[in-house]
Amino acid sequence: MAERYRSDALAVVHESALGLAGAGVMAKRAMRSFDEMCLTPVEDLALNEIRGLPVRQDRGRSS
């Protein structure tokens, strides 16, 4: 699932933080703070809302 950023500027900041975390120079706790600051919150869905979502079928992928 694609991540949704609060703004274009925060997308750049978050991508930079991901690079630092991937390089091992940023702690997981700090990365969680960047996630909270930069990403839009995840919305809770009711069961009937989940059932109404389109089903994505990945073709050519083996499990």
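**Notes on a three-helix chain**

1. Let's start with who touches whom. Of the contacts in the protein chain with a separation of 6 or more, 54% are between residues 24 or more positions apart. Keep in mind as you read on that this is a predicted model.

2. Now the overall layout. The protein chain has three helices and zero strands, so if you walk along the sequence the pattern reads α-α-α. Have a look at the structure above and try to pick them out.

3. How much of the protein chain is buried? Out of its 63 residues, 11% are buried. The accessible surface comes to about 5800 Å², and carbon and sulfur atoms hold 54% of that.

4. Next, pick out His14, which sits in helix 1, running over residues 8–22. Is His14 buried or exposed? His14 has a relative accessible area of 0%, and because buried means under 20%, it counts as buried.

5. What does His14 touch, once you leave aside its neighbours within four places in sequence? The list is Glu3, Tyr5, Met31, Phe34, Asp35, Cys38 and Leu39.

6. For a contrast, go to Ile50 in helix 3, which covers residues 47–51. Ile50 has 44% relative accessibility, and because partly exposed lies between 20% and 50%, that is the label it gets.

7. Ile50 also has company at the surface: together with Leu45, Leu47 and Leu53, it forms a nonpolar patch. The accessible area of these residues together is about 370 Å². Try colouring the four of them in your viewer to see the patch.

Key: Residues numbered from 1 in each chain as written. Predicted model: local features only at pLDDT ≥ 70, side-chain atom pairs only at ≥ 80, totals over all residues. Heavy atoms only, no water. Patch = residues over 30% accessible without salt bridge, like charges linked within 9 Å, V, L, I, M, F, W, Y side chains within 5 Å. Areas by Shrake-Rupley, 256 points an atom, 1.4 Å probe, with all protein chains shown as cover. Salt bridge = Lys/Arg side-chain N within 4 Å of Asp/Glu carboxyl O. Helix = DSSP H or I, 4+ residues; strand = E, 2+ residues; numbered from the N terminus. Buried < 20%, exposed > 50% of the residue type's maximum accessible area, 1.4 Å probe, protein only. Contact = heavy atoms within 4.5 Å.
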